[in-house]
Amino acid sequence: MQFKAMVLSNVELSPGYFRMRMTAPQELASSAPGQFLMLKVNDAIDPLLRRPFGLFDVGSFLPEYAGCGAQVYCEILYKVVGKGTKLLSALHHGDLVDLLAPLGKGFDLGPAGEEKVLVGGGVGLAPLYYLAKELKNRGEKVRLFAGGRNRDDILCITEFERLGVETYVATDDGTLGERGFVTQVLEPHLAPGTRIFACGPTPMLNAVAKMAQKSGVPCQVSMEAYMACGVGACLGCVMKGANHTEETPDYRCVCKDGPVFDSFELQWS
Ligand SMILES: Cc1cc2nc3c(=O)[nH]c(=O)nc-3n(C[C@H](O)[C@H](O)[C@H](O)COP(=O)(O)OP(=O)(O)OC[C@H]3O[C@@H](n4cnc5c(N)ncnc54)[C@H](O)[C@@H]3O)c2cc1C
Ligand code: FES
């Protein structure tokens, strides 16, 4: 679905990290956690391509926005890393952006009764909030393991706690939570009956996938890749599938087959 969305708020939560809320059509309410949107920052030729962002939250409007003409909102959580996100960070209430959403394959929530373990590195927390909300709505036990370089990279923890999620934090420099990698904090909590959902930098996902395999725990990972079209047409976002060899190529499109994959589907280096 392509639509124009009106920016309702765009707030800097921590240096370089923003949370933006936009209006959305009713159909977006049936999106799944883990799906993403492609956003055109402005009508100019540069930047030409839309930028992909995970759905941080989707919900029905609060009364304070009654009158804006939409019934549903969506939110993204993003880090300013280049031209597109810099322009995005300068948008204000009332500005319009062009969106394609919802795109891709989201998380499989799994059977009820398991313990759901969410692992996020830095801005990789973005798609996990919408997931946590859906899991808590189903009455599930949810734990969040959040990692970053320092305290500025740990975002929205209180929002997760307000949902009733048990949270664990690790930072490389120890400025928040335990000092070290989030995987060190995670490892003792993995046992049969848990299911992992992870999003973050590839080395972190690689470590989580290996840990899950060792513990026999199912694990889904949300991957990032450079995207041009976002809908499976340009093949710009492919990754190697687990059975890929030079003789028998096995590629997966992150935008169409993912961005969420079972960790065993992919080739990890
Ligand atoms: C499915 C998906 C979901 C995403 N969700 C989020 C999200 O929720 N929040 C968020 O902050 N970011 C997210 N990203 C990454 C985001 O799309 C990029 O950071 C953004 O497109 C950068 O645009 P830019 O114009 O600011 O940077 P550019 O000027 O295009 O690039 C700036 C720097 O960022 C690097 N970069 C840009 N895009 C990517 C990428 N896809 N993977 C790795 N490095 C990249 C470039 O190599 C360069 O060093 C997601 C990416 C994908 C594929
Ligand atoms: S971005 Fe074009 S095929 Fe995935």
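## Exercises on a predicted model

D57 and K133 are both buried. The structure is a predicted model, and the exercises below work through its salt bridges, backbone geometry and pockets.

### Exercise 1. A buried ion pair

Find the distance between the closest N and O atoms of D57 and K133, and state which elements the pair connects.

Solution. Start with the distance: the closest N and O atoms are 2.7 Å apart, and the two residues form a salt bridge. Next, place the partners. D57 belongs to strand β5 (residues 57-60) and K133 to helix α2 (residues 126-137), so the bridge ties together parts 76 residues apart in sequence. The structure holds 18 salt bridges, of which this pair is one.

### Exercise 2. Two further pairs

Classify each partner in the salt bridges R143 to E166 and E187 to K214 as buried, partly exposed or exposed.

Solution. Take R143 and E166 first; their side chains meet at 3.5 Å, N to O. R143 lies in strand β9 (residues 141-148) and E166 in strand β10 (residues 166-171), so the bridge joins parts 23 residues apart in sequence. The cut-offs are under 20% for buried and over 50% for exposed, with partly exposed in between. R143 has 13% relative accessibility and therefore counts as buried. E166, at 36%, counts as partly exposed.

Now take E187 and K214, whose side chains meet at 3.4 Å, N to O. E187 sits in the loop between α4 (182-186) and β12 (194-199), and K214 in helix α5 (residues 202-215), 27 residues apart. By the cut-offs used above, E187 is partly exposed at 37%, and K214 is exposed at 69%.

### Exercise 3. A network

Which residues are linked with E114 in a network of salt bridges?

Solution. The network links E114 with K116, R138, E140 and R195.

### Exercise 4. Backbone exceptions

Locate the cis peptide bonds that precede P47 and P259, then describe C156 and L235.

Solution. Begin with the background: most residues other than glycine have a negative phi, and most peptide bonds are trans. The bond from D46 to P47 is cis, with omega near 0°; P47 lies in the loop between β3 (36-40) and β4 (51-54). The bond from G258 to P259 is also cis, with omega near 10°, and P259 is found in the loop between β15 (251-253) and β16 (260-262).

Turn to phi. C156 has a positive value of about 60° and is found in the loop between β9 and α3 (157-163). C156 is buried, with a relative accessible area of 11%. L235 has phi near 60° and lies in the loop between β13 (219-222) and β14 (238-240). L235 is exposed, at 56%.

### Exercise 5. Two pockets

Describe the volume and lining of the largest pocket and of the second largest.

Solution. The largest pocket has a volume of about 800 Å³. Its lining has 26 residues, with P52, F53, V81, E224 and A225 nearest the centre. β4 gives the most, four residues. By class, the lining comprises 15 nonpolar, six polar and five charged residues. Domain 1 (2-103) and domain 2 (115-222) each contribute at least three residues.

The second largest pocket holds about 540 Å³. Its lining has 27 residues, and G121, G122, G200, P201 and M204 lie nearest its centre. β9, α4 and α5 each supply at least two residues, and α5 gives the most, five. The lining divides into twelve nonpolar, ten polar and five charged residues.

Definitions and conventions
Residues are numbered from 1 along each chain as its sequence is written. Chains are lettered from A and ligands numbered from 1 in the order in which they are written. This is a predicted model: local features need pLDDT of at least 70, side-chain atom pairs count only at pLDDT 80 or more; totals for chains, interfaces and linings use all residues. Side-chain values use heavy atoms; hydrogens and water are left out. A salt bridge is a side-chain nitrogen of Lys or Arg within 4 Å of a carboxyl oxygen of Asp or Glu. Buried means under 20% relative accessible area, exposed over 50%, partly exposed in between (1.4 Å probe, protein chains only). On a 1 Å grid over the protein atoms alone, a cavity is a set of points where a 1.4 Å probe fits but cannot get out, and a pocket is an open set with protein on both sides within 12 Å along at least five of seven lines; lining residues have an atom within 4 Å of a point. Grid points are joined across faces, edges and corners, and a volume is the space filled by probe spheres set on the points. Ala, Val, Leu, Ile, Met, Phe, Trp, Tyr, Cys and Pro count as nonpolar, Asp, Glu, Lys and Arg as charged, and the others, Gly among them, as polar. Domain bounds come from an automatic or database domain assignment.
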